[in-house]
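I opened a new structure today and kept notes as I went. Here they are, in the order I looked things up.

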Amino acid sequence: MTHNSDLPRADATRARLLDAAIEAFANKGFHGTTTRDIAAAAGMSPAALYVHHKSKEELLYLISRNGHEDTLRLVRDAIASSEVPVEALRQVIHDFAVYHAEGHTRARIVNYELAALTPEHYGEIREIRRDIEGELRQLVERGVVSGAFDVPDTHLAGVALLSLGIDIARWYREGQLWSPEWIGESYAKIALRIVGAD
């Protein structure tokens with residue numbers, strides 16, 4: 001959630017609407033949610049929503065863009081944490097899994113409502129997703145070149161590794177048997193097996 005008290009009033013209102021949209025989209029899906037639902041969840045009138053956002057789709061786009069930009073930053077930071085491919089991969093998969101478990105509501109919208117975006121907005125998000133995939137693929141390639149990893153196809157291995165974390169948003173809910181941290185540690189071990197690391 002965004003800490004609205006730290007923002008100027010208009011920014012705080014926009015952030016409140018984004019938080020309300022996340023909850024509404026999570027509960028009813030993008031197509032099942034009305035602008036009235038979002039406004040009501042934010043404690044505002046439907047007309048007030050349009051003062052800050054052009055449309056329901058714009059809210060989805062902003063949620064998706066912010067989520068993907070956060071993910072790209074997280075992946076880059078984790079990869080930069082070590083020159084050793086095994087350690088870098090362990091860190092990136094751990095952080096990626098924890099992020100998707102802790103933020104499962106937003107992550108579910110970010111990853112599973114993409115078809116509702118306009119072609120222009122979808123194209124922008126697709127570029128960020130390609131950057132995320134490219135960062136992980138380069139790490140896997142680095143591991144293969146160094147002899148630390150053994151995979152038949154680095155591109156497919158990268159897609160498989162990302163799919164692990166993304167899918168957490170589909171099934172994870174609070175109160176699970178597994179904590180986000182435990183999932184992160186376990187997924188990191190699974191990831192190293194996927195790439196054939198010793």
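The entries below go from the overall build to a few aromatic side chains.

**Entry 1: the whole chain.** First reminder to myself: this is a predicted model. I started by listing the secondary structure and got nine helices and zero strands. Written out from the N terminus, the elements simply go α-α-α-α-α-α-α-α-α. I then checked the dimensions, and the C-alpha trace spans about 60 × 40 × 30 Å along its principal axes. The chain has 198 residues, and 47% of them count as buried.

**Entry 2: helix H4.** How far apart are the end C-alpha atoms of helix H4? I worked out what to expect before looking. H4 covers residues 56-80, which is 25 residues, and at 1.5 Å a residue it should span 36 Å. The end C-alpha atoms turn out to be 36 Å apart, so the expected span and the model agree. I also had a look at the start of H4. There, a side-chain oxygen of Ser55 comes to within 3.4 Å of the backbone nitrogen of Glu57.

**Entry 3: aromatic pairs.** Next I searched the whole structure for aromatic pairs and found four. One of the pairs I looked up is Phe25 with Phe30, which is tilted, with 5.3 Å centre to centre and 55° between the planes. Are these two rings buried or exposed? Both Phe25 and Phe30 are buried.

Another pair is Trp178 with Trp182. Their ring centres are 6.2 Å apart and their planes meet at 10°. Planes under 30 degrees apart count as stacked, so this pair gets that label.

**Entry 4: around the tryptophans.** I stayed with Trp178 and Trp182 for a bit. Which residues form an aromatic cluster with them? Trp171 and Tyr172 do, and the four together make one cluster.

I looked up where Trp182 sits, and it belongs to helix H9, residues 180-194. Then I checked how much of each ring-bearing residue is open to the outside. Trp182 has 45% relative accessibility, so I wrote it down as partly exposed. Trp178 has a relative accessible area of 35%, and it is partly exposed too. That label goes to values between the 20% limit for buried and the 50% limit for exposed.

Last lookup of the day was the surface. Leu177, Trp178 and Trp182 make a nonpolar patch there of about 380 Å². So my page on Trp178 and Trp182 now reads: stacked on each other, part of an aromatic cluster, and part of a nonpolar surface patch.

Note on methods:
Residues numbered from 1 in each chain as written. Predicted model: local features only at pLDDT ≥ 70, side-chain atom pairs only at ≥ 80, totals over all residues. Heavy atoms only, no water. Helix = DSSP H or I, 4+ residues; strand = E, 2+ residues; numbered from the N terminus. Expected span 1.5 Å × (residues − 1). Polar contact = N/O pair within 3.5 Å; in protein donor to acceptor, adjacent residues only side chain to side chain. Patch = residues over 30% accessible without salt bridge, like charges linked within 9 Å, V, L, I, M, F, W, Y side chains within 5 Å. Areas by Shrake-Rupley, 256 points an atom, 1.4 Å probe, with all protein chains shown as cover. Salt bridge = Lys/Arg side-chain N within 4 Å of Asp/Glu carboxyl O. Phe/Tyr/Trp six-rings, centres within 6.5 Å; stacked < 30°, edge-to-face > 60°. Buried < 20%, exposed > 50% of the residue type's maximum accessible area, 1.4 Å probe, protein only.
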